[in-house]
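Here is a short briefing to read beside the structure. Start with one residue, then move out to the strands, the core and the contact between the chains.

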Protein chains: 2
Amino acid sequence: MSNNVALHIQQLLKKARVCFLATQGKHSIESSMAPYATHQGHILLHLSSLARHTQNIHHHPNIGLMICSPEAANESPLALPRLSFQGKVSAVPDERLAAAKHVYLETIPDAEPLFAFADFKLLRMTSAHIQWIGGFGLTKKISMQQWHNISDRGTIEKRLPPSQS
Amino acid sequence: MSNNVALHIQQLLKKARVCFLATQGKHSIESSMAPYATHQGHILLHLSSLARHTQNIHHHPNIGLMICSPEAANESPLALPRLSFQGKVSAVPDERLAAAKHVYLETIPDAEPLFAFADFKLLRMTSAHIQWIGGFGLTKKISMQQWHNISDRGTIEKRLPPSQS
């Protein structure tokens, strides 16, 4: 994978603070939104057990997830750079919880008060397939190792030039 | 439904030019992005038969779809106003094709060249369930009749004050 693709993915991860989940509901497939952070190759989600997508994940932990460049008025909506993931969601193990919470709140500081609610839990998605869609017809498979290297938050901070961070 | 909710939904439909699809893939559920327009209570999608989500829809036409307010740097990502749909996708019938194409291109003018490609087709989603999520815990079921009235493009043009159109 070229450094260029890695840089574009890191820019996307800095810009997009929400992702879109595809989960299996009781009667049909559902599309929903959630803030996310990345940590050690996982995608962290902080979800309420009262939310429908969380109940869907509980019954069917294999989901789809998209991180898409936010729309801008001066950009075409046809070819927004984006990442598509398929994988499995599980609870963050107890021994990783403190580190994961720290990273999540660095990324989504507004979520702090939600950690006081008993129904909110930190979950993590472990991806089996990742695809980068850089524009019209520009797709590229991303390996787990590549994703781990690119998505590590510390790595992003260090690699991005100051003007883009 | 209050006029306030209708107005918020119309503002969302003006701002968001893309939607997020949840489709059943060969091996797992997939999340993807597509531009959309609204027409006579349907959501129009102009998709290439070469794209994976189109192949998924062909095999499993019942999908989930989300239209979400684009992220803004000064807004919290926790409570972006959004609409969640579940429904069935089918081809736009021949007798509606000219009108649907006209409305689609009014909404997504950049898509014009794609109508020359044989693999692109106009599809429409007919929703069975629609939910408005106006913010944290603020959800509201929207009936088909309400959606039809709110989403009609002409209606939007007429109802929104000039500063918001």
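Does Met125(B) count as buried or exposed? This is a predicted model, so the answer comes from computed positions. Met125(B) has 25 C-beta neighbours inside 10 Å. The cut-off for a buried residue is 20 or more, so Met125(B) counts as buried.

**Around Met125(B)**
- Met125(B) sits in strand β7 of chain B, which covers residues 120-135.
- Leaving out residues up to four places away in sequence, Met125(B) touches His42(B), Ile43(B) and Leu45(B), among others.
- Its contacts also include Ile63(B) and Leu65(B), as well as Phe85(B), Gly87(B), Lys88(B) and Val89(B).
- Glu106(B) is 19 residues from Met125(B) along the chain, and their C-alpha atoms are separated by 18 Å.

**Confidence**
- Chain A has a mean pLDDT of 91, and 92% of its residues reach 70 or more.
- The model scores are ipTM 0.92 and pTM 0.93.

**How the two chains are related**
- A turn of 180 degrees, with a shift of 0.0 Å along the axis, lays chain A on chain B with an RMSD of 0.0 Å.
- That is the relation of a two-fold axis.
- Within chain A, the residue that comes closest to the rotation axis is Ala22(A), with its C-alpha at 2.4 Å.

**Where the chains meet**
- On chain A, 33 residues are in contact with 33 residues of chain B.
- Four elements of chain A each give two or more residues to this side: β1 (18-24), β2 (29-35), β5 (62-68) and β6 (82-91).
- By class, the side of chain A that touches chain B has 18 nonpolar, ten polar and five charged residues.
- The copies meet through the same surface, because 100% of the interface residues of chain A are also interface residues in chain B.

**β1 and β2 in chain B**
- Strand β1 of chain B (residues 18-24) runs antiparallel to β2(B), and seven bridges join them.
- A hairpin of four residues connects β1(B) to β2(B).
- Ala22(B) stands opposite Ser31(B) in this pairing.
- Strand β2 of chain B (residues 29-35) is largely enclosed by the rest of the structure, because seven of its seven residues are buried.
- In a regular strand, side chains alternate between the two faces of the sheet.
- On one side of β2(B), Ile29(B), Ser31(B), Met33(B) and Pro35(B) are buried.
- On the other side, Glu30(B), Ser32(B) and Ala34(B) are buried, so both faces are covered.

**The nonpolar core**
- Nonpolar side chains tend to be buried together in soluble globular proteins.
- Here the largest nonpolar core has 79 residues.
- Met66(A) and Met66(B) have the most contacts inside this core.
- Met66(B) touches Phe20(A), Ser31(A), Ser32(A) and Met33(A) of chain A, not counting residues up to four places away in sequence.
- On chain B, Met66(B) touches Cys19(B), Phe20(B), Arg82(B), Leu83(B) and Ser84(B), with the same exclusion.

**β5, β6 and β7 in chain A**
- Seven bridges join β5(A) to β6(A), and the two strands run antiparallel.
- Met66(A) stands opposite Ser84(A) in β6(A).
- β6(A) is mostly covered, with seven of its ten residues buried.
- Strand β7 of chain A (residues 120-135) also runs antiparallel to β6(A), through ten bridges.
- Ser90(A) has Arg124(A) in β7(A) as its bridge partner.

Methods. Residues are numbered from 1 along each chain as its sequence is written. Chains are lettered from A and ligands numbered from 1 in the order in which they are written. This is a predicted model: local features need pLDDT of at least 70, side-chain atom pairs count only at pLDDT 80 or more; totals for chains, interfaces and linings use all residues. Two residues are in contact if their C-beta atoms, placed from the backbone, lie within 7 Å. Ala, Val, Leu, Ile, Met, Phe, Trp, Tyr, Cys and Pro count as nonpolar, Asp, Glu, Lys and Arg as charged, and the others, Gly among them, as polar. pLDDT is the predictor's confidence in each residue, from 0 to 100. Copies are superposed by least squares on the C-alpha atoms of residues with pLDDT of at least 70 in both. A residue is buried if 20 or more other C-beta atoms lie within 10 Å of its own, exposed if 12 or fewer, and partly exposed in between; C-beta atoms are placed from the backbone. Two strands pair if DSSP finds at least two bridges between them. A nonpolar core is a set of buried Ala, Val, Leu, Ile, Met, Phe, Trp, Tyr and Cys residues joined through C-beta atoms within 7 Å.
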